[in-house]
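Me: I have a predicted two-chain model open and would like a close look at one helix. Could you walk me through it and then place it in its surroundings?
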Amino acid sequence: MIRITGLYKEYPNGVQALCDVNLEIGNGEFVVLLGPSGAGKSTLLRCINGLVRPTAGQVEVNGVQVGAENGSNLRKLRRQIGMIFQQFNLVKRLRVLDNVLCGRLAYTPLWSSCFRFFSRRDVELAKSCLERVGLIDKAYQRADQLSGGQQQRVGIARALVQQPAVLLADEPLASLDPRSSRTVMETLREINCQDHITVIVSLHDVDLAMEFARRVVGIREGSVIMDKPVSQVTRKDLEYVYDGMATEPSINSGTYGRTEYAHA
Amino acid sequence: MLMPDHEKIGPAWDGYLLLQRVLVLALLLSVYVWSAYGTNLSLAELVRGYPHVLDFLSRMFPPNLTIIPELVRPTIETIQIAIWGTTLAVLLAIPLGLLAAANLTPHPVLYAVARIILNALRAVSEMVFGLIFVAAVGLGPFPGVLALALHSAGMLGKFYAEAIENIDPGPVEALEATGAHKLQVIIYGVVPQVLPEFITYNLYRWEHNVRAATVLGLVGAGGIGFELITSMRLFKYADTASILLVILLTVTVVDYISSRIRSYVI
């Protein structure tokens with residue numbers, strides 16, 4: 001259970017990324033966050049695993065409060081929260097298997113990980129995760145030799161090997177072609193159904209969102225403006241999430257240009 | 001519509017540019033003239049001194065090759081000074097470089113302190129460190145090792161810090177998100193990204209330190225430089241010539257080895 005109450009985030013440069021976000025996400029849900037670029041989706045996801053510290057408000061994951069914790073407790077909490085990224089964020093010069101094993105670092109004693117030593121059990125687990133995403137034959141290749149879609153699946157394996165309760169995905173399809181996007185979404189759905197891992201994905205692609213989500217949360221200018229089961233989401237809802245933002249700047253810049261012209 | 005504007009702005013802009021160029025040239029020229037006075041730069045002196053240069057060179061020939069067996073030991077010592085000097089420098093520079101990288105430093109105060117230490121180490125040259133350590137631990141190769149270690153640590157630490165600041169932050173964020181310890185994030189997320197640069201910088205530094213070690217002997221800090229200064233003080237210019245030949249050969253071989261290692265590793 002993730003409980004977000006009264007969450008605000010203002011970045012040092014003055015950008016108000018989140019504005020009074022309240023959200024409850026139950027175990028095993030599949031939630032898609034929709035909204036235009038800069039709406040605050042990434043910030044919201046990063047508040048859940050403490051990568052971003054909120055200005056005000058609280059996030060609670062399975063009864064543990066995020067952010068109020070000191071270093072070692074925050075790390076223990078992050079262990080249960082896997083994350084995948086738009087740019088995959090693999091360590092390019094490491095082998096695929098080593099990248100997946102990075103997901104076990106928080107379970108590995110510091111001294112043995114300094115010598116790149118992982119237990120046999122962790123290596124077996126990493127291999128089984130690679131098998132699940134269909135990349136076991138690439139285990140010993142360098143990560144940067146893989147295609148974008150394959151790299152994203154390695155990213156999923158790295159999150160899976162954490163044996164997390166929650167999986168956060170920040171625009172996981174934005175750098176992928178349509179076919180790889182579908183494979184990634186299918187893998188996420190499978191993880192959600194079989195392992196009962198809560199999945200929270202931020203997406204741009206409305207069609208894929210409607211196909212895979214069970215609950216859709218619309219975010220605009222840092223606030224939740226829609227929160228519905230996917231079956232109740234209408235076309236008008238989606239327009240409301242996206243359009244308000246998309247049209248305003250173009251009108252503004254148009255006026256600005258015209259005034260300039262008039263003065264000249 | 002655009003044409004009149006263009007014609008109006010064009011010439012004025014050209015005049016401004018010309019003035020700017022003349023001013024910059026005049027400034028540069030005056031700096032050079034001023035520095036020439038400061039350094040007694042004089043073509044006449046060079047011409048007048050020309051016979052002495054010829055005399056010096058003629059006394060160097062033929063080089064006294066019979067002393068070469070005696071040069072083997074100091075040459076090896078020079079390379080050994082460079083090996084230990086560079087290694088100690090790397091060991092010193094790693095923690096300093098980590099602290100001096102804005103994206104990894106645990107605290108702004110540590111960052112500032114590390115930067116100040118690195119600047120101080122770089123500001124003092126190998127020769128000056130050599131003089132200090134000869135006074136502190138006595139004549140011989142050991143003060144040479146210490147001198148190279150400290151100055152090189154300043155150079156390497158700055159390079160490491162810059163390499164670390166240029167890494168892709170994505171993998172670091174991803175590893176932090178798995179709950180990994182900061183040290184684990186560095187070993188798995190940062191080290192693989194900076195490793196090629198790290199190796200290149202260290203090899204360059206080793207090459208440089210071999211060259212630096214050949215002159216450290218001038219201040220009594222061991223190596224072949226000691227033979228060089230001795231031969232010159234005794235006016236044995238034929239020996240000097242042999243020593244210079246040996247230095248040239250050593251530096252060439254070391255550069256070759258270093259570039260081979262580099263191409264093999266990277």
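At which residue does α8(B) bend, by about how many degrees, and which proline follows within four residues?

Reply: Happy to! The bend in α8(B) is at B:Val191 and amounts to about 55°. The proline B:Pro192 follows within four residues. Here, the bend at a residue is the angle between two axes, one fitted to the seven residues ending there and the other to the seven starting there. Helices are DSSP runs of H or I with at least four residues, strands are runs of E with at least two, and both are numbered from the N terminus.

A few ground rules for reading along: residues are numbered from 1 along each chain as its sequence is written, while chains are lettered from A and ligands numbered from 1 in the order in which they are written. The model is predicted, and local features need pLDDT of at least 70, side-chain atom pairs count only at pLDDT 80 or more, and totals for chains, interfaces and linings use all residues.

The end-to-end distance of the helix is worth a look too. α8(B) has 35 residues, yet its end C-alpha atoms are only 40 Å apart. A straight helix would reach 51 Å at 1.5 Å a residue, where the expected span is 1.5 Å times one less than the number of residues.

This helix also takes part in the contact between the chains. That contact takes 22 residues from chain A and 18 residues from chain B, with two residues in contact if their C-beta atoms, placed from the backbone, lie within 7 Å. On the chain B side, α7 (169–177) and α8 (182–216) each supply at least two residues. By class, the side of chain B that touches chain A has nine nonpolar, seven polar and two charged residues. Ala, Val, Leu, Ile, Met, Phe, Trp, Tyr, Cys and Pro count as nonpolar, Asp, Glu, Lys and Arg as charged, and the others, Gly among them, as polar.

How confident is the predictor? Its pLDDT, a per-residue confidence from 0 to 100, has a mean of 90 in chain B, and 95% of the residues there reach 70 or more. Within chain B, helix α1 (residues 2–38) has the lowest confidence, at a mean of 79, and helix α4 (residues 108–123) the highest, at 96. For the complex, the predictor gives an ipTM of 0.86 and a pTM of 0.79.

Across in chain A, there is an open sheet of six strands with mixed pairing, in the order β6-β7-β8-β3-β9-β10; two strands pair if DSSP finds at least two bridges between them. β6 (81–84) and β10 (223–229) of chain A each have a single partner strand, so one side of each is left without a neighbour in the sheet.

Terms used:
pLDDT is the predictor's confidence in each residue, from 0 to 100.
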